[in-house]
Amino acid sequence: MSGEELIRREVIENFTFPGKLVEEIPYGSGHINDTFRLVFETEQGRKRYILQRMNKSIFHKPVELMENIVGVTSWLRKKILENSGDADRETLNIVSAGDGRPYYLDSAGDYWRAYLFIEGASCYDKVEKKEDFYQSAVAFGHFQGLLADYPAETLHETIVNFHNTASRLDDFKAAVQRDACGHAGDVQREIRFVLEREHLAYVLGEMQAEKKLPLRVTHNDTKLNNIMIDDKTGKAICVIDLDTVMPGLAVNDFGDSIRFGASTADEDERDLAKVSCDMELFELYTKGFVEGCAGSLTDEELDMLPIGAMVMTYECGMRFLADHLDGDVYFKTHREGHNLDRCRTQFKLVADMEKKLSAMNAIVDKYR
Ligand code: ADP
Ligand code: MG
Ligand code: MG
């Protein structure tokens, strides 16, 4: 047995799985954690589970992170049961370790966790049809709705200032000041783009401080491959991948989804003529998200959905530009100027959204 296999033996023995292990395979196409699917033979038939080694280079506070997941999944389970739903399929369910904790710390220093396997549903990596994007909107909206009265302030902020755009702007300005690689002179236009829109860095934070936007449970990784779609009905049944669940604003989740999901081009497209915000996709996502939230969003939150999309895109572009100035130390790059290309698509999107703001507002009004 390899060292890796020995560790997995140790880990599996330390969880409360029933029956005899009959299969163990690396599973899924997640990029963050190491995911395995386990099959156990029990007296009631075969039972499947997901086992994950958590990524410790990204998540530095695994215990707090798991506390967040315990809080949110047990809340969801209760709500789903109250609505007579299938709580084994419509939320992640944690399988405890032998000592009752929601994780196991192995002898090599890695944290592991286990979930019930969500049966009869699939995960898709790429939006292939518009319906997929709509389904993800419904799922993330529904997640927001079920957690609307969750005490979000009790969640740990596992990545501090994650969507604090004002502090991202400070970081950006510091990167311009450092000008670590001497690039600043060549990107004056992009730097000006940021500075001319500083109000975008403050608008959400100010509304939050004035209690015009409530603190919510946010997912922060609202990709299509973080929802499970029922194989029979084609409908989204469950939101998974709760590592980045944190207190935040509903418009953050909405805005980030629009940023990457409603763009007509890839995040690193060089031909900016191809980059715009697809209004059909914007409408589809808005419809799904608002329906999924089922009345739980406040008027101010609904008003701010389009601005949320703009702010998330602005913030992301600014982070790409800061990383370009710093010499590509944070985001992985595959070519010279990759982060600058990414920054430019984001700013092109922001400029496009500025032009389309009244159309976006009209779409929100149609579904509120
Ligand atoms: P990552 O952070 O690495 O993306 P995820 O938690 O999203 O990790 O899991 C990776 C993949 O494993 C998912 O995209 C999905 O295909 C599968 N998966 C995760 N949890 C479950 C589950 N409870 N039931 C079935 N499949 C799951
Ligand atoms: Mg994932
Ligand atoms: Mg993840």
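**Exercise 1.** With the side chain of which residue does the side chain of E190 make a polar contact?

*Solution.* The structure is a predicted model. Begin by placing the residue: E190 belongs to helix 5, which covers residues 188-195. Next, list the residues that E190 touches beyond its neighbours within four places in sequence: L321, L340, C343, R344 and F347. Finally, look for a polar pair: the side chains of E190 and R344 make a polar contact at 2.8 Å.

**Exercise 2.** Determine whether E190 is buried or exposed.

*Solution.* Take the relative accessible area of E190, which is 6%. Then apply the cut-off, by which a residue under 20% counts as buried. E190 is therefore buried. For the setting, note that buried residues make up 52% of the 368 residues in the chain.

**Exercise 3.** Establish whether the radius of gyration of the chain agrees with that of a compact globule.

*Solution.* First, the expectation: for 368 residues, a compact globule would have a radius of gyration near 21 Å. Second, the value for the chain is 21 Å, so the two agree. Third, consider the extent of the C-alpha trace, which spans about 65 × 45 × 40 Å along its principal axes. Fourth, turn to the contacts: of those with a separation of 6 or more, 73% join residues 24 or more positions apart.

**Exercise 4.** Describe the secondary structure, surface and charges of the chain.

*Solution.* Count the elements: the chain holds 11 helices and 11 strands. Then take the exposed area, about 17,100 Å², of which carbon and sulfur atoms supply 50%. Lastly, compare the charges: the mean positions of the 45 positive and 64 negative charges lie 2 Å apart.

Methods
Residues numbered from 1 in each chain as written. Chains lettered and ligands numbered in written order. Predicted model: local features only at pLDDT ≥ 70, side-chain atom pairs only at ≥ 80, totals over all residues. Heavy atoms only, no water. Helix = DSSP H or I, 4+ residues; strand = E, 2+ residues; numbered from the N terminus. Rg over C-alpha atoms; globule rule 2.2 N^0.38 Å. Buried < 20%, exposed > 50% of the residue type's maximum accessible area, 1.4 Å probe, protein only. Contact = heavy atoms within 4.5 Å. Areas by Shrake-Rupley, 256 points an atom, 1.4 Å probe, with all protein chains shown as cover. Lys, Arg positive; Asp, Glu negative; His and termini not counted. Charge placed at Lys NZ, Arg CZ, Asp CG, Glu CD. Polar contact = N/O pair within 3.5 Å; in protein donor to acceptor, adjacent residues only side chain to side chain.
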